[in-house]
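Please look at the sequence and the structure shown here, and keep both in view while reading the paragraphs that follow.

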Amino acid sequence: MNFKDTARPLDGAGVSALLDSLPARPLLLGLGEARHLVEELGRTRNEIFRHLAEHEGYRSFAIESDCLMGLTVDDYVTTGAGTLDDVMERGFSHGFGALAANRELVRWMRAHNEEHDGKLRFFGFDGPLEYWAASPRQALTALYDLLQGPLVRTVVTRETLDELLGPDERWSNEATALDASRSIGRSAEARRLRVITDDLVALLETQTPQLNAHDRWRAELYGRTAVGLLRYHHWMADDSPHRWGRLSALRDAMMAANLRAVAEHGPALVFASNLHLQRARSLMAFGEQTLEWWSAGAITAAHLGDRYAFLASAFGTVGDDDPPADTVEGALA
């Protein structure tokens, strides 16, 4: 059978037909980007999500953006907190807030929630990082505040926590991307913070019954993020040839953990690079190296099995560069 005989339009109806053909209804449906910042794919994604929300029971949308910044967007779409302009500026990383398709998606999700009892949710699932990483301050202090009480002060006082964290600029120094010696990820303060974070996450587990569902979910997010950032900073300080392979793997592991948490809220459409969502090992040329690591999609599939599905995207034509007619891209073009 020629693959063109099985092709379907990339629209809502085509995705519903795809869902019907799967062995199980996915909790997470990944839609991969061949390249970031392509408005046309974003508009198609919006159409697909609207269809999934209105006809297939999907409740959440997750994007490859800072998981903590995404809380600002979720607050807006669920409660109307803030303004659309402010949310687009403060709620996205990687420059994604400037995309018209993302703005339209957020606007539509808010309008939908104003008219329906079943609320749609918005999630960022990337860590707070680029090639460098943010300070763990936001995650750690937010977790600390949710655990307020006498027991949390037996782990660390707020004053000591602030002192150990120090200026955020020490952590978020972009120069660490190219120079491991500029990282503070293996300093005495960072090592102590890793132990404190482990104790705070353990304390959260013991106090779970006294937290409401909203606070518990956020506290778990803050704990995951603090642990992930401190691990990432630790390996930012590594000067071995394995540095970037390990960092790439840690980033995708953080993504996968966040995706499993998103799945708790019901079926979700996940939008990110093909490289992060594919089920296979990821390969990427990096200078003279070829980095290889398990993608977030592969890790998620290992946990969810058939409840995770992935659709890749590819470019048929880029500028004046037409693909050969005997390739998949050529046939699609």
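How many bridges join E1 to E7? Four bridges do so, and the two strands run parallel; one of the pairs in question links Leu-31 with its bridge partner in E7, Leu-311. The names come from DSSP runs, numbered from the N terminus, in which helices (H or I) have at least four residues and strands (E) at least two, and two strands are said to pair if DSSP finds at least two bridges between them. Before going further, note that this is a predicted model, in which local features need pLDDT of at least 70 and side-chain atom pairs count only at pLDDT 80 or more, whereas totals for chains, interfaces and linings use all residues. Residues are numbered from 1 along each chain as its sequence is written, and side-chain values use heavy atoms, with hydrogens and water left out.

The strands E1 and E7 belong to an open sheet of five strands, which follow one another in the order E3-E2-E4-E1-E7 with parallel pairing. Because E3 and E7 stand at the edges and each has a single partner strand, one side of each is left without a neighbour in the sheet. Neighbouring strands of this sheet are turned by 25° against each other on average, direction ignored. Helix H12 packs on the sheet, where it touches E1, E2, E3 and E4 (contact means heavy atoms within 4.5 Å). The direction of H12 makes about 160° with that of E3, where axes are lines fitted to C-alpha atoms, for helices over the stretch in contact, and angles run from 0 to 180 degrees between N-to-C directions.

At the E3 edge, E2 and E3 pair in the parallel sense over five bridges, and Ile-63 has Gly-124 of E3 as its bridge partner. Five of the six residues of E3 (residues 121-126) are buried, a word that stands for under 20% relative accessible area, with exposed meaning over 50% and partly exposed in between (1.4 Å probe, protein chains only).

Strand E2 (residues 60-66) also holds Asp-66. The side chain of Asp-66 reaches the backbone nitrogen of Met-69 at 3.2 Å, and among the residues that Asp-66 touches are Ser-93, Gly-124 and Asp-126.

Turning to helix H14 (residues 296-304), we find that Ala-296, Gly-297, Ala-298, Thr-300 and Ala-301 are buried. The buried residues of H14 pack against several elements, including strand E1, helix H12 and strand E7. After H14 comes Gly-305, whose phi is positive, near 60°.

Methods
A polar contact is a pair of N or O atoms within 3.5 Å; within protein, one must be able to donate a hydrogen and the other to accept it, and residues adjacent in sequence count only if both atoms are side-chain atoms. Lists of a residue's contacts leave out its neighbours within four places in sequence.
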